[in-house]
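Colleague: Got a minute to go through this model with me?

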Amino acid sequence: MRFLLLLCVALCGAPSWAADAMQEIRQRVGTPESVRGQFEQKKHIAALERPLLSKGDFLVARNRGVVWRTMTPFPQVLKLTRRDIIQEQNGKVRFQLSAEREPAVRAVNQVLFALFAGDFAALEQSFTSSGKVEGERWRVTMQPSSNALAQLFKEIRLEGANTVQRVELFEANGDRTEIRFKGMQVNSVLSAEEVKLFD
Amino acid sequence: MTEHRLFPWLWLLVTALLALAAWRWAATPGAIDSDILSLLEERTNANLVSQAQSRLGENAARRVLVLVGGGDLASAVRAADASYATLKNSAAFARIEYQLDPARAQELQTFYAPHRTFLLTPAQRAALQADDRAALIDQALRGFYSPVGAPGALALMDDPFQLFAAWQQERGAATRVRPLQDRLVVLDGERHYVALLLEIAGSAFDQQVQQRVGAALAAAKQAAQPADFLSAGVVNFALAVQQQAQREISLIGAGSMLGIVLLILAAFHSWRPLLLALLPIGFGCVAAIAVCSWVFGRIHIFTLVFGSSLVGVSVDYGLHFLCHTRAGDDRAQRFARLRRLLPGLTLALATSVLAYLTLALPAFPGLRQMALFSAVGLLAAWLTTVLWLPWLARGGLARQAWLPRTLQALQHLRLQGRVVRTLAVLLLLASAWGLTRTSVNDDVRLLQNLPPQLLAEQQRVADLAGVASPAQFLLVHAATPEAVLQTEERLAVELDTVRASGLLGAYQAVSLWVPSQQRQRQDHHLLTQKLYAEGGWLDYLGSQVGLPAAWLDTSRAAHAAAQPLTLQAWLDAPASSALRHLWLGRVGEETVSVVALQGLKGQAGSSAVRAAAQRVPGVTWVDRAGDFSQLLQTYRIEMAQVAAGAYVLVFAALLWRYRRAALRVVAPTVLASLITLGCLGWLSIPVNLFTVLALLLVLGVGIDYGIYMEEERSDPDSAAWIGVSLSAMTTLLSFGLLALSQTPALQTFGLTMLLGVGLSWGLARGLRRCA
């Protein structure tokens, strides 16, 4: 029996099994135009006594960008667009990096866009991924396939059902960030102000 | 005396030796100089600025920056790999910087990070000095709570306030070239370009090197297809100038030769006079090249272009003599004719050489070469005419042929005195009006006409990669290296103000990467006081995010033990390779560095930076193009004075021989020059140094016509007139073709010659009739 099972696995091949799973996961998550919801982020920095907790909400608009709005412990907005990364605090730009001139920023922006939107097709261009489906839920593990991203990430893990519900980023420097999403709305219409956020 | 058999053979021997020297010169690599600036450089020599400039120039001239791509990263890398393979195999380059080993990509961090508590940005320093704790703490917290760290930054715990990350980011702003996937990449929106940094093997102004590099780049461009291939470097310009000059030499040389051949055949109906007329030219060129290469070592390409025009002038002596020989003359008769012509020929040589030699008076090394080249060439041509032609000449003008007949008819053409006078008055009035419209333009860019697509490509590369201007920069000089760095820091404050006004894009300076020891110690002290003190900002941050006490102690100890970055360590490290050329080190008694400028906005930008430089003692503003335009202006004025002086000298020489008639000899040339200037005014062509030079040559050539005509006032068989006409036509042919040159300077020169010589010839006849 065990031999038969092994033979089965050998014949079907593990990679194709994983690829089939990725196919299934891609179908479940789809390619939504927008995703919004709340997040809870736990950042584990090796030397720190306790993880750093933050909460807020976020909005991902396909092909436009991500608005990451932290409410606690202090208000702050992080915007990732095609053009740049901007950090704002109390309506003032505190930090800005151009994605049109900085290849590294561009690469990171694209990964984060795709992560929050669950755009696996885009992610699979820069990561090798393997997936597993268990009933309603699925899990995906990804390793960067390019040096540029390997300098930043060791591994990324995603979990979800119809949407991405949990992301875990293992940074190359040993830090780990765990993000949980709640109250996800898919394909909701963007208000005029929200559209303006990405300009 | 010239009849003695010994002299021609002696002269032949001398010429043979000269030919040997000329041949050896031609076989030397790098014999032809095409650096446009070497024509002008000498006057500014022997000072700090020029020493620094030449050192900077040599370095900069050897570098070529290539960008390959235009699409996504993968296709850009593929195309760049193909280009790299071609370039590597070409042997045209001493060094090619392409694939980065991964360690080098991290260089910025590994080299500077140990000294990070000595390196602050101006904003950080200001915040610390202003005791603005909130600003630094907010920045730190943003880092701690952001989902991912900034790309390329140290781990948060190594740089909790992300001061070093911001410092690195500011350093990176000077160029858009970034390490990515083991390549140097420039990103422009969606377009990726992979950079290759090349250093050519040999000098950018060596013709052979230029051709090797040109061929290698063309092959690499082919290999990169269909991706874009952009290259920028001084060698590209030098190659373009060189190719253009070479094309023009062959065009002008061939055109003028062909014209002369046809003219002589038409006048003599025989090959022999043609060969005889060419003999002085050949001897002249050989002697000129030999003497110039012996005196100057290298001959500038412009000297050769100019020398090819000399062909049209040195043919005159031979032609003049040949027009006077007759079929059936024996040797004694030919020598008798020569004796009769000799005073005129000698005076013509003397005045021409006098006119050409005045070129050597201004301190232009290029002009001195041209003066010597022309004077030697003319003298040798004259000697050949006088010593050899009477021995070799047979026959004479084909008087029944159309050309001599037409010319003769032209001489005897009688116009109504009223018509001539009316025409003359109209011409003079029109010229006077034209003269009032004369404008001047001394821009150095007149010297070279660079292909627009080459300029556009250079500009595109500069925009993409942030290349500093090679023509405008600042020199910082002081007694010690530390003093230089401190001066640069004072200058930086001024330059930042100019940048804030948008007139300057960026600047590169060594002190941005290695601040002075004074500055580093001050910054380190500032951090000790504010961040690392007991109960300081680091402790406060620790309480906010939960930094363990043990980590805080380690961090404090590391800060206290850290050492500042030294200039020598920086100069020795691979990390400084891209910027090391800015440090010129010891020059004479002083230490000198360069502050390079990028994105300077026109004249306003130049003035703003110059003003900024003037506010900091020990800083010199250098504007090569501006300096050279200034030089051209100075020389134009000097040459105009020289030309006036030459007229006086020539007039004195003529007065000595012709007394009152001297005026009649000079008048055609003087009037021709004035009318030419008037025409240029009419045509709105600005006057520059090259117009003045051409007028000086019009003097040299035009006076000869007056002399020949005056020597034979009766001229019963029109020999003098036909001789002058043939001379004028050959001169017009050679200089007229210069007017077709793509180089604005040569074009103006050619046009002025065309008008000046044509008018001198016409007026030499016309005024005689009136008289």
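**Helix, core and interface**

Modeller: Let's start with α27(B): 23 of its 23 residues are buried, so the helix is largely enclosed by the rest of the structure. Buried means 20 or more other C-beta atoms within 10 Å of a residue's own, exposed means 12 or fewer, and partly exposed is in between, with C-beta atoms placed from the backbone. Helices (H or I, at least four residues) and strands (E, at least two) are DSSP runs numbered from the N terminus.

Colleague: Is this predicted, and how's it numbered?

Modeller: It's a predicted model: local features need pLDDT of at least 70, side-chain atom pairs count only at pLDDT 80 or more, and totals for chains, interfaces and linings use all residues. Residues are numbered from 1 along each chain as its sequence is written, while chains are lettered from A and ligands numbered from 1 in the order in which they are written.

Colleague: What is B:Leu696 in contact with, leaving aside neighbours within four places in sequence?

Modeller: B:Ala355, B:Thr358, B:Met639, B:Ala643 and B:Ala646. Contact here is C-beta atoms, placed from the backbone, within 7 Å.

Colleague: New topic: is B:Asp182 buried or partly exposed?

Modeller: Partly exposed, because B:Asp182 has 16 C-beta neighbours inside 10 Å. B:Asp182 is in the loop between β4 (178-180) and β5 (183-188) of chain B.

Colleague: And how many residues of chain A are in contact with chain B?

Modeller: 36 residues of chain A, meeting 28 of chain B. Helix α3 (residues 103-117) of chain A gives the largest share of chain A's side, five residues.

How values were computed:
Contact = placed C-beta atoms within 7 Å.
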